[in-house]
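Hi,

Here is the structure I said I would pass on. Have a look at it first, and my notes come right after.

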Amino acid sequence: MQTILILTANPLSTSRLRLDQEVRNIAEGLERAKKRDQFVLESKLAVRPRDIQRAMLEINPSIVHFSGHGTGDDGLVFEDETGAAKLVDGEALAGLFALFAEEVECVVLNGCYSQVQAAAIAQHVNYVIGMKKAIADKAAIEFAVGFYDALGSGKTVEFAYKFGCAAIRLAGIPEQLTPTLKKKPNIEEAVVNRLLEKQVNEHTSEESQELSDSDREILTELLTRSGRAEARKALCIKIGIEPNQLTFLRQSTDADFALELINYLHITDDKQALRKICKELEVVFKRGKYAIDLESIKSKLYCK
C-alpha cells in the first residue's frame with residue numbers, strides 16, 4: 001500500500017491557482033485506476049512549514065506532492081499563521097526529507113521554478129520531479145493527472161513522469177519539457193538494497209526456516225555458475241566439511257557435485273556450512289536478481 005500526501009499552499013498575496021481542481025482530478029483518476037487498492041490519498045490545504053513536519057510524522061507517505069508557487073533559488077511558497085507567504089528553501093526541505101528517506105520514494109514539486117529544490121531533495125530521495133521554469137496552471141494539472149493515472153495503472157515513476165509530460169502535449173499545451181525528473185545518485189543500488197531488505201523482512205522469523213526445493217535449486221545453480229564447485233576439496237575445507245567423508249566428491253561434473261553437496265548439507269541440517277556457501281557466493285553475485293535470491297535464502301538460514 002502506498003500513501004500519497006498532497007500539500008497545497010496558495011497564500012493571499014499570490015496569484016490564484018486551481019489547486020482544488022488538481023486534487024480532485026488526481027483523486028478521481030486514482031479511484032478508477034486498475035491498481036486503486038494499492039493507493040491511499042491524503043491532502044493538507046493551506047500548508048504552513050510546521051504542517052509539513054506533522055503530516056510527515058502522522059501520515060508516513062511514500063509519495064509527497066506539493067502544489068503551489070515556487071520562486072527558484074528563494075524556495076517554495078507556503079503560508080504562515082496569517083495566510084501570508086512563507087518561503088522555504090531547498091536545503092531546508094532536503095534536510096526534512098533526509099529524515100524520511102527510507103519511507104519516501106518520490107516527491108513531486110508541482111510549482112514554478114522548483115527544479116532547484118528538486119535537485120536538493122534528490123540527494124536523499126530516489127525520484128524528485130520539479131519544474132525548470134514557470135508552468136501554467138492548466139499544464140500543471142494535466143501533468144499531475146497523467147502522472148498519477150500512470151502510477152495507478154501500475155507503471156513505474158519514470159514511466160509516469162514521461163506519461164505526465166505526454167499528457168501536457170496531448171492537451172495542446174507547449175510546456176511538456178518544463179517538468180524535470182531528478183534521480184538520487186546511485187539509485188540502481190538503492191533500489192536493489194530496498195528489494196533485498198523487503199525480502200529479508202518478509203522471510204525472517206524468530207526461528208530459522210527450512211530451505212525449499214526451489215532454494216536448494218538456486219544454491220546449486222549459483223554454486224555451479226560461480227566456479228566455486230571446481231575446487232571441490234578446497235571448498236569443503238572452507239565450509240568446515242572433511243572432504244574424505246563425502247562419497248560424491250568425485251562426481252562426473254561440477255553441477256552434479258554441487259547438487260549432491262547442497263542436498264547433503266540440507267539432509268544433515270548443516271546450516272553453518274550452508275551459511276558459509278552463501279558468503280562465498282555473495283562475493284561473486286553482489287547485486288541483481290541473484291543477490292536478491294541469496295538474501296532470501298540467507299534470511300531462512302539466519303545469516304547475519
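Below is what I found, starting with the sheet and ending with one serine. Keep in mind as you read that this is a predicted model.

**The sheet.** Six strands make up an open sheet, and their order is S2-S1-S3-S7-S8-S9, with mixed pairing. At the edges sit S2 (39–44) and S9 (179–183), each of which pairs on one side only. On average, neighbouring strands here are turned by 15 degrees against each other, ignoring direction. If you want one pair to look at, take S1 (residues 2–8) and S2: they run in the parallel sense and share six bridges. Within that pair, Leu5 has Glu42 in S2 as its bridge partner. Helix H2 packs on the sheet, where it touches S1, S2 and S3, and its direction makes about 165 degrees with that of S1.

**The core.** The largest nonpolar core has 29 residues, and the ones touching the most other members are Phe143, Phe147, Tyr148 and Leu151. At least two residues each come from S1, H1 (19–31), S7, S8 (127–131), H5 (137–152) and H6 (157–170). The biggest contributor is H5, with eight residues. Tyr148 is a good one to click on: leaving out residues up to four places away in sequence, Tyr148 touches Ile4, Ile26, Leu30, Ile63, His65 and Val108.

**Helix H3.** This helix covers residues 90–98, and its buried residues are Gly90, Leu93, Ala94, Leu96 and Phe97. Looking down the axis of H3, you will see the buried residues fall within an arc of 160 degrees, so they line one face of the helix. And what covers them? The cover includes helices H2 (49–59) and H4 (115–121), along with strands S3 (63–67), S5 (76–79), S6 (85–88) and S7 (106–110). The N-terminal end of H3 is capped by Asp89, which has a side-chain oxygen 3.2 Å from the backbone nitrogen of Glu91.

**Ser226.** Is this serine, which belongs to helix H8 (residues 213–226), buried or exposed? Its relative accessible area is 13%, under the 20% cut-off, so Ser226 counts as buried. The Ser226 side chain reaches the backbone nitrogen of Arg228 at 3.1 Å. Setting aside neighbours within four places in sequence, Ser226 is in contact with Leu281, Val284 and Phe285.

Cheers

Conventions
Residues numbered from 1 in each chain as written. Predicted model: local features only at pLDDT ≥ 70, side-chain atom pairs only at ≥ 80, totals over all residues. Heavy atoms only, no water. Buried < 20%, exposed > 50% of the residue type's maximum accessible area, 1.4 Å probe, protein only. Helix = DSSP H or I, 4+ residues; strand = E, 2+ residues; numbered from the N terminus. Arc of directions from axis to C-beta. Contact = heavy atoms within 4.5 Å. Polar contact = N/O pair within 3.5 Å; in protein donor to acceptor, adjacent residues only side chain to side chain. Pairing = 2+ DSSP bridges. Axes fitted to C-alpha atoms, helices over the stretch in contact; angles between N-to-C directions. Core = buried A, V, L, I, M, F, W, Y, C linked by side-chain atoms within 4.5 Å.
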